[in-house]
Each structure stands twice: as structure tokens, then as C-alpha cells.
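Hi everyone, thanks for coming. I'd like to walk you through one structure today, so have a look at the screen.

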Amino acid sequence: MGLKKFAAALTVVGSALSLSACATPRASVSSAAVPAMIRVPAGHFVAGSEPAETDAVHYPAENARREQPARAVAIERGFAIGRTEVTRGQFARFAAETGWKPDGPCSFLPDGIGGRWTADAAHDWRHPGFAQTDDHPVVCVNLADATAYAAWLSRRTGRSFRLPSNTEWEYAARAGIRAAAPWEASAANPCAFGNLSDRSRAFAHNRGAIDPALYFACDAGFVGTAPVASFQPNAWGLHDVLGNVWEWTLDCLNADQSGAPQTSAPRTTGDCRSHIDRGSSWVNSPKYVRFAAQHPDLVEARTSVLGFRLVEDLP
Ligand SMILES: [Ca+2]
């Protein structure tokens, strides 16, 4: 299927965002409480990176191995994926209905790259260490928190939400692009595509000295997170796949991609004390801001740069 036809086959699932399918609704909930989902058809793509991509940015060897070798993947069934990261407002509905409270602190990076991560009880998903509105992505949520949210939303809607697999995330994030990042494919301004570590962040943390190894030389206008969908979407309509916050996946940590599923299935073997998250965040230097980059976090980790995006299994 050609890209144009492929794009036309994508459907924003906007009209079915009702919680009325729930057997015993406890409250009237607006459609805004349910993340907007985009249908992605079955297809093929190449996941991961070639060594030339990671060599070009002097990526640490251990990190580079994690996303290599590049491999052909067949996504055998269509699925739906969140148009945006799950927002704080959407997560707040879950917290209010279930009485959910975090059982540990959130790690916060107080003074930028080079600063020390700190974890204390003063920081949580409502107080991540920078200003947020309900339109910002929820952060300070660990794997269990994200999984519990997906299960709650599934119960409330009668639909089937979950976290994406590693390959599902990359397939939807790339949207047909093989380049390392969308701005490389189009020679465009990186800050048009997402909330990155940029001039705003550099000014906030070191009075504006731009080290190209640490900051993009453009300005997306935010120091912490940005409201979701503030920037240009990818070719399939997904916002913030690169930047804003890292996004949890179902896959366990492995040293490399040898033997990784070449389907939409998650990789559930390896070091499952950590799961892979994708897409980088507002805090990351440019070498991490690539479609192929994979970052492990301990499953219990809550940090101010890590959130999630949902997948929905379609009937
Ligand atoms: Ca993101």
C-alpha cells in the first residue's frame, strides 16, 4: 500500500469516545476523559537503527546495541493508538474514581542536564516540579500506574486499552519514515515537531549557552512539559511521539534486538525488572531524540520525564 493510500486509511476514532458502553457507569464523563485514538492499519516497517545512525551522534555503545540490529517487522493486525500522550486531566479522572494514590515518590531533575535527580515526597503526578495544566501529559507514573489506568478505562468503556508493545510504538511513531527523526527527512525545524531540550530550557538552566550536544538550537517555548498536541503531528496524526515525555511500553529490557519479535508482540523475556520506554522527553539531549532510541526504566520508577500513551485492541 502506498503512503498516500495508507494515510487515507487512518481514521481518527473521535465519535466513539463515550463511556456509555460501561455496564454500570458511576458518573457522567465527557469524551475528553477518554484519550482520542487513531486507527493504524496492518503493515510492514524496519524497526531499530543502523550503526551509522548511532555513530553519527556518538551514542553510547551499550545504548546503541539496545536498538540494533535493525529488523523487518510485520504488524499483522491494525490497532488504534493514542493521538497524544495520556494527559494529567485524563489520569485525574482515574485517580478520583478509584482513590488511586502513588505509593512512592517521584524523581525530579531540579536544575537541568548535569543536575542530580532527587526523589522526595513533595513531588508526585500533581506536583512534578514544574507547572502543568490538565492538558499536559501525566508524569510521575510507573508501569503499574499506567497499567492500572488502562485497565480502569477498559472497564469504564467496555473497550480494550493497554500499553503499546515496542514494535507497535515505533511503527506508529515512524509513520513510514526511515530517517532517524522527522526533521532529518524534511530538513525542517526540530522544534516544530515537539517539546525538546531547546533554547527555552537552556536559558532556564544556564542562561542560554547552547551546547549542541545538550540542546537543540531552536525554541519550542517550554522548559518542562508542554500541553499535548502543541506541535505538528506525524504523518499519521500522532503528536509528541518524540519529545515531551518518554512513554512506557510492554517490553522488557534486553541487551540488543537479536531475537526480538518481528511482529506486534511485546518482548516479555529478558530483564523484566525494567521495561523499555520510547520517544525521549523535554529533558533529553539531541542524540536521544530519535525514533529508534530505547531507554530502560525500572518498572517501579516514577520520574518527571516519563508518561505513557495507550493502544486499543480493535474488535
Ligand atoms: Ca512523547
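A quick word on labels before we start: a helix here is a DSSP run of H or I with at least four residues, a strand is a run of E with at least two, and both are numbered from the N terminus. Also, please keep in mind that this is a predicted model.

So how confident is the predictor? The average pLDDT for the protein is 89, and 88% of the residues score at least 70. The start of the chain is another story: over residues 1–28 the pLDDT stays under 50, and the model has 42 contacts beyond four places in sequence for that stretch. Where pLDDT is low, the predicted coordinates shouldn't be read in detail.

Okay, on to helix H5, residues 143–157. How far apart are its end C-alpha atoms? They are 21 Å apart, which agrees with the span you'd expect, because 15 residues at 1.5 Å a residue should cover 21 Å. Right after H5 comes Gly158, with a positive phi near 75°.

Which residues of H5 are buried? Leu143, Asp145, Ala146, Tyr149, Ala150, Leu153, Arg156 and Thr157. Those buried residues pack against helix H4 (88–98) and three strands: S8 (161–162), S9 (246–253) and S10 (271–278).

Now look at it from the H4 side. Arg88, Gln90, Phe91, Arg93 and Phe94 are buried in H4, and H5 is among the things covering them. H4 is followed by Gly99, which takes a positive phi of about 75°.

We've just met S9 and S10, so let's see where they sit. They belong to an open sheet of 4 strands with mixed pairing, in the order S11-S10-S9-S12. At the edges you have S11 (294–298) and S12 (306–307), each pairing on one side only. S10 and S11 run antiparallel, joined by 5 bridges, and there you can find Ser274 opposite Leu298 of S11. Then there's helix H6, residues 166–174, lying across S9 and S10 and running at about 140° to S9.

One last stop: strand S5, residues 79–82. S5 pairs with S2 (residues 37–40) in the antiparallel sense over 4 bridges, and with S13 (residues 311–312), again antiparallel, over 2 bridges. What stands opposite Ala80 in S13? That's Glu312. Arg39, meanwhile, stands opposite Ala80 as well.

That's my tour, so over to you.

Technical notes:
Residues are numbered from 1 along each chain as its sequence is written. This is a predicted model: local features need pLDDT of at least 70, side-chain atom pairs count only at pLDDT 80 or more; totals for chains, interfaces and linings use all residues. The expected span of a helix is 1.5 Å times one less than its number of residues. A residue is buried if 20 or more other C-beta atoms lie within 10 Å of its own, exposed if 12 or fewer, and partly exposed in between; C-beta atoms are placed from the backbone. Two residues are in contact if their C-beta atoms, placed from the backbone, lie within 7 Å. Two strands pair if DSSP finds at least two bridges between them. Axes are lines fitted to C-alpha atoms, for helices over the stretch in contact, and angles run from 0 to 180 degrees between N-to-C directions. pLDDT is the predictor's confidence in each residue, from 0 to 100.
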